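Please read the following paragraphs with the sequence and the model side by side. They go from the surface to charged pairs, then to the aromatic rings and to some distances along the chain.

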Amino acid sequence: MTDQKIDRDKVAEEFGEAVNMTPAAIEKWLETEDSKSVGWPKDGSQESVGHHSGRRIVQIKRKKKADLTEDDYVHMRKVVGYVHRHLAQGGPDEDREHSAWRYSLMNWGHDPLKK
């Protein structure tokens with residue numbers, strides 16, 4: 001077993017823990033106006049970085065592990081970092097359900113209210 005294999009396994013495990021929404025749930029969420037209302041535009045486009053990431057997460061989650069590319073693992077690591085940083089912020093004290101904090105996390109495949 002190589003170090004790369006160990007790193008990929010770790011990234012895949014952390015990604016699986018960070019992304020707690022199904023591909024179908026993410027796709028449904030990304031179609032909402034609330035999803036489109038948060039985040040920073042990606043490279044001059046109208047789509048936010050998080051919204052674009054959500055679409056990429058759906059693609060990754062629908063792949064077989066053997067078909068994941070190095071770029072997929074790089075994005076998976078980025079998702080884990082984003083989710084961990086934003087969860088550490090704690091979110092708003094009131095109306096967490098309808099907050100930009102939650103909406104942004106959901107664009108990245110994590111619903112902080114999901115048990």
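**A guided reading of the model**

Glu97 is partly exposed, because its relative accessible area is 45%; buried means under 20% relative accessible area, exposed means over 50%, and partly exposed lies in between (1.4 Å probe, protein chains only). The model is predicted, so local features need pLDDT of at least 70 and side-chain atom pairs count only at pLDDT 80 or more, whereas totals for chains, interfaces and linings use all residues. Residues are numbered from 1 along each chain as its sequence is written, and side-chain values use heavy atoms, with hydrogens and water left out.

Glu97 is located in the loop between helix H5 (70-89) and helix H6 (100-107); helices are DSSP runs (H or I) of at least four residues, numbered from the N terminus. A negative surface patch is made up of Asp93, Glu94, Asp95 and Glu97. Patches consist of residues with over 30% relative accessible area and no salt bridge, like charges being joined within 9 Å and nonpolar side chains within 5 Å. Asp95, one of the members of this patch, also belongs to the loop between H5 and H6. Asp95 has a relative accessible area of 49% and is therefore partly exposed. Its backbone deserves a look as well: Asp95 is not a glycine, yet it has a positive phi of about 50°.

The next topic is the pairing of charges. Side chains of opposite charge can pair when their charged atoms come close. How many salt bridges does a search of the whole structure find? The search finds seven, a salt bridge being a side-chain nitrogen of Lys or Arg within 4 Å of a carboxyl oxygen of Asp or Glu. In one of them, Arg8 is joined to Glu70, with 2.7 Å between the closest N and O atoms. Arg8 is in helix H1 (residues 3-18) and Glu70 is in helix H5, so this pair ties together parts that are 62 residues apart in sequence. Arg8 is partly exposed, because its relative accessible area is 23%. Glu70 also counts as partly exposed, because its relative accessibility is 42%.

Another salt bridge joins Arg55 to Glu47, again with the closest N and O atoms 2.7 Å apart. Arg55 has a relative accessible area of 39% and is therefore partly exposed. In a further salt bridge, between Asp72 and Arg56, the closest N and O atoms are 3.0 Å apart. Because Asp72 lies in helix H5 and Arg56 in helix H4 (residues 49-61), the pair ties together parts that are 16 residues apart in sequence. Is Asp72 buried or exposed? Asp72 counts as buried, because its relative accessibility is 3%. Its partner Arg56, at 22% relative accessibility, counts as partly exposed. Arg56, Lys63 and Asp72 are joined into one network by salt bridges that share partners.

The aromatic rings come next. Two aromatic pairs are found in a search of the whole structure; rings of Phe, Tyr and Trp (its six-membered ring) pair if their centres lie within 6.5 Å, and planes under 30 degrees apart count as stacked, over 60 as edge-to-face and the rest as tilted. Trp29 and Tyr103 make a tilted pair, 5.3 Å centre to centre, with 45° between the planes. This pair links distant parts of the chain, since Trp29 is in helix H2 (residues 23-30) and Tyr103 is in helix H6, 74 residues apart. Both Trp29 and Tyr103 are buried. The other pair is formed by Tyr82 and Trp108, and it is stacked because the ring centres are 4.2 Å apart and the planes are at 10°. Tyr82 is in helix H5 and Trp108 is in the segment after H6, so parts that are 26 residues apart in sequence are tied together. Tyr82 and Trp108 are both buried.

Some distances complete the tour. Val79 is part of helix H5, and it counts as buried because its relative accessibility is 0%. From Val79 to Phe15 the C-alpha distance is 7.1 Å, although the two residues are 64 residues apart in sequence. Lys64 is in the loop between H4 and H5 and counts as exposed, because its relative accessibility is 63%. The C-alpha atoms of Lys64 and Phe15 are 14 Å apart, with their positions 49 residues apart along the chain. Ala24 belongs to helix H2 and is partly exposed, because its relative accessible area is 48%. Ala24 and His98, 74 residues apart along the chain, have their C-alpha atoms separated by 21 Å.

Conventions
Accessible areas come from the Shrake-Rupley method with a 1.4 Å probe; for residues, only the protein chains shown count as cover. Lys and Arg count as positive and Asp and Glu as negative; His and the chain ends are not counted. The place of a charge is taken as NZ of Lys, CZ of Arg, CG of Asp or CD of Glu. Helices (H or I, at least four residues) and strands (E, at least two) are DSSP runs, numbered from the N terminus.
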